[in-house]
Amino acid sequence: MTTVLAPVAGAALALRAVPDPVFSQGLVGPGLAIEPVREPGRAVAPIAGTIVKLHPHAFVVVGDDGRGVLVHLGIDTVQLRGEGFEVLASEGDRVEAGQPVVAWNPAEVEAGGRCPVCPVVALDAVAEAVTRIADGPVNTGDELFVWT
């Protein structure tokens, strides 16, 4: 069992509420999304493990059990080419759950015409393996969902 933490503060939402079919239809995997608070903050590692992919707008942490969790900071934020994001870690780094990985400002993402909602996805998981814990407001580091 893997407990996945909220990488950012905000309101927990079902993935189907994400305005991007890749996430809302579960094509990447099951999970939850967070409508982030509109203030500068740091996105943290949702699980302990190794950062295997790191972009300014998204990262994947793989735990010792081989399970990977994707955190995507906003929708279509790849188009920003890193502007407005500060990477605080490196690919290959070992991180603890709750350790800061990227600093960003959801208000700036929104002001630039993009949706700041953050999908948090259990990669290569079946939908039945994810159990929602969070409902409504979450703080950074709160339990978001359990992956069995």
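# Exercises on two sheets and their cores

F85 is buried, with a relative accessible area of 11%. Here buried means under 20% relative accessible area, exposed means over 50%, and partly exposed lies in between (1.4 Å probe, protein chains only).

The model is predicted: local features need pLDDT of at least 70 and side-chain atom pairs count only at pLDDT 80 or more, while totals for chains, interfaces and linings use all residues. Residues are numbered from 1 along each chain as its sequence is written, and side-chain values use heavy atoms, with hydrogens and water left out.

## Exercise 1: the aromatic pair

Find which residue forms an aromatic pair with F85, and state how the rings are arranged.

Solution.
- Step 1. Rings of Phe, Tyr and Trp (its six-membered ring) pair if their centres lie within 6.5 Å; planes under 30 degrees apart count as stacked, over 60 as edge-to-face and the rest as tilted.
- Step 2. One aromatic pair turns up in a search of the whole structure.
- Step 3. The partner of F85 is W104: the centres are 6.1 Å apart, the planes differ by 10°, and the pair is stacked.
- Step 4. Because F85 lies in strand β8 and W104 in strand β10, the pair ties together parts that are 19 residues apart in sequence. Strands (E, at least two residues) and helices (H or I, at least four) are DSSP runs, numbered from the N terminus.
- Step 5. W104 is buried, with a relative accessible area of 4%.

## Exercise 2: the sheet of three strands

Work out the strand order of the open sheet of three strands and which strands stand at its edges.

Solution.
- Step 1. Two strands pair if DSSP finds at least two bridges between them.
- Step 2. The order is β4-β10-β8, and the pairing is antiparallel.
- Step 3. β4 (41-44) and β8 (85-87) stand at the edges with a single partner strand each, so one side of each has no neighbour in the sheet.
- Step 4. From one strand to the next, the twist averages 30°. Such angles run from 0 to 180 degrees between N-to-C directions, and the axes are lines fitted to C-alpha atoms, for helices over the stretch in contact.
- Step 5. Three bridges join β8 and β10 (residues 100-104) in the antiparallel sense, and E86 stands opposite A103 in β10.
- Step 6. P100, also placed in β10, is partly exposed at 28% relative accessible area. Apart from neighbours within four places in sequence, P100 is in contact (heavy atoms within 4.5 Å) with R42, A43, V44 and L88.

## Exercise 3: the sheet of eight strands

Give the strand order of the open sheet of eight strands, then find which residue stands opposite A33.

Solution.
- Step 1. The order is β9-β5-β6-β7-β11-β3-β2-β13, with antiparallel pairing.
- Step 2. At the edges stand β9 (94-95) and β13 (136-138); each has a single partner strand, so one side of each is left without a neighbour in the sheet.
- Step 3. β3 and β11 pair in the antiparallel sense over four bridges.
- Step 4. Opposite A33 stands P119 in β11.

## Exercise 4: H72 and T77

Is H72 buried or exposed, and which residues does T77 touch?

Solution.
- Step 1. H72 belongs to strand β7 (residues 68-72) and counts as buried at 13% relative accessibility.
- Step 2. A polar atom of the H72 side chain lies 2.7 Å from the backbone oxygen of G74.
- Step 3. Beyond neighbours within four places in sequence, H72 has contacts including F23, H57, T77 and V117.
- Step 4. T77 lies in the loop between β7 and β8 and counts as buried at 0% relative accessibility.
- Step 5. Not counting residues up to four places away in sequence, T77 touches H57, H72, F85, V109 and R114.
- Step 6. For contrast, R81 in the loop between β7 and β8 is exposed, with a relative accessible area of 77%. R81 has a positive phi of about 50° although it is not a glycine.

## Exercise 5: the nonpolar cores

How many residues has the largest nonpolar core, and which elements give two or more residues to this core?

Solution.
- Step 1. A nonpolar core is a set of buried Ala, Val, Leu, Ile, Met, Phe, Trp, Tyr and Cys residues joined through side-chain atoms within 4.5 Å.
- Step 2. The largest has 34 residues, and those with the most contacts inside it are F59, L73, V101, W104, L144 and F145.
- Step 3. β3 (31-36), β5 (49-55), β6 (58-62), β7, β10, β11 (118-122) and β14 (143-147) are the elements that give two or more residues.
- Step 4. Another core, of 10 residues, lies apart from this one; among its residues are V18, A33, I75 and V121.

How values were computed
Polar contact = N/O pair within 3.5 Å; in protein donor to acceptor, adjacent residues only side chain to side chain.
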